[in-house]
Amino acid sequence: GDTVFTTAAGGWSFGHGNLGPYSLVWFSALSSTGVEYPSGYVTYKNKVLTSACNNVIARPTGANSTYPPLQSSGDPAGFHVEWDLGEEGLLAVDVTPNIIVIAAGEIYTRWMGVMEGGIKGGKEVYAGAVIFEELRLLV
């Protein structure tokens, strides 16, 4: 486009992985003014349960869990992510990093890690692998 990336974007949180029979993706983009633009999808045994904008909320957790994240926030201890699956309920997962894959100063980190969760109020709790990142451009 015709806009400088760092003046248009404020950052994002992104992740994708497998949680038992679920495959999931979240993307929570922030504008330079802190407006959130979330989107995501979830499949269950290869059937799409949701694929939309405004169907997911991802927030940093633990140490350095400032939201919206700032360049000075530092890396969060993890993320809590929830997808609205309509009649299926809310799928909630907690994401924890195991290893940093890429680190670019105070503005970007990509991790590999684990996640655990399931349908809120449900009996099944699943675990799985995830790769996720956070970009922090707001000051």
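This section describes the fold, the aromatic contacts, the salt bridges and a nonpolar surface patch of a predicted model.

The protein chain contains one helix and nine strands, and the order of these elements from the N terminus is α-β-β-β-β-β-β-β-β-β. For its 139 residues the globule rule gives 14 Å, and the radius of gyration of the protein chain, 15 Å, is close to that value, so the chain is as compact as a globular protein of that length. Taken along the principal axes, the box filled by the C-alpha atoms of the protein chain is roughly 45 × 30 × 20 Å. Of the 139 residues in the protein chain, 40% are buried.

Aromatic contacts were examined next. The structure holds eleven aromatic pairs. One of these joins F5 and W12, whose ring centres are 6.0 Å apart and whose planes stand at 70°, so the pair is classed as edge-to-face. F5 has a relative accessible area of 46% and is therefore partly exposed. A further aromatic pair, formed by W111 and F132, is stacked, with 4.9 Å from centre to centre and 25° between the planes. This pair links distant parts of the chain, since W111 belongs to strand β8 (residues 108-119) and F132 to strand β9 (residues 126-136), the two being 21 residues apart. Both partners are removed from the surface: W111 is buried, with a relative accessible area of 3%, and F132 is likewise buried, at 1% relative accessibility. W111 and F132 also belong to one aromatic cluster, in which they are joined by W26, F79 and W83.

The charged side chains present a second set of contacts. Side chains of opposite charge can pair when their charged atoms come close. Five salt bridges are found in the structure. In one of them R59 pairs with E36, and the closest N and O atoms are 2.9 Å apart. Because R59 lies in strand β5 (residues 56-61) and E36 in strand β3 (residues 36-44), this salt bridge ties together parts of the chain that are 23 residues apart in sequence. Both residues are partly exposed, R59 with a relative accessible area of 26% and E36 at 23% relative accessibility. R59 takes part in a further contact, as it lies over the face of Y67, at 3.8 Å from the ring centre. R59 thus combines a salt bridge with E36 and a place over the ring of Y67.

Another salt bridge is formed by K120 and E82, where the closest N and O atoms are again 2.9 Å apart. The partners come from distant parts of the chain, K120 from the loop between β8 and β9 and E82 from strand β6 (residues 78-84), with their positions 38 residues apart in sequence. The accessibility class differs across this pair: K120, at 48% relative accessibility, counts as partly exposed, whereas E82, at 17%, falls under the 20% limit and therefore counts as buried.

A salt bridge also joins the side chains of R136 and E134, at 2.8 Å from N to O. R136 counts as buried, at 1% relative accessibility, and E134 is buried as well, at 2%. This contact is part of a wider arrangement, in which salt bridges that share partners join D75, E134 and R136 into one network.

On the surface, a nonpolar patch is formed by I99, V101, I102 and M112, which together have about 350 Å² of accessible area. Strand β7 (residues 90-104) supplies the largest share of this patch, namely three residues. I102 is located in strand β7 and, with 42% relative accessibility, counts as partly exposed. Strand β7 also contains A104, which is partly exposed at 35% relative accessibility. The C-alpha atoms of A104 and L135 are 9.3 Å apart in space, while the two residues are 31 residues apart in sequence.

How values were computed: Residues are numbered from 1 along each chain as its sequence is written. This is a predicted model: local features need pLDDT of at least 70, side-chain atom pairs count only at pLDDT 80 or more; totals for chains, interfaces and linings use all residues. Side-chain values use heavy atoms; hydrogens and water are left out. Patches are made of residues with over 30% relative accessible area and no salt bridge: like charges are joined within 9 Å, nonpolar side chains (Val, Leu, Ile, Met, Phe, Trp, Tyr) within 5 Å. Accessible areas come from the Shrake-Rupley method with a 1.4 Å probe; for residues, only the protein chains shown count as cover. A salt bridge is a side-chain nitrogen of Lys or Arg within 4 Å of a carboxyl oxygen of Asp or Glu. Helices (H or I, at least four residues) and strands (E, at least two) are DSSP runs, numbered from the N terminus. Buried means under 20% relative accessible area, exposed over 50%, partly exposed in between (1.4 Å probe, protein chains only). Rings of Phe, Tyr and Trp (its six-membered ring) pair if their centres lie within 6.5 Å; planes under 30 degrees apart count as stacked, over 60 as edge-to-face and the rest as tilted. A charge sits over a ring if NZ of Lys or CZ of Arg is within 6 Å of the ring centre and within 35 degrees of the ring normal. The radius of gyration is taken over C-alpha atoms; the globule rule is 2.2 Å times the number of residues to the power 0.38.
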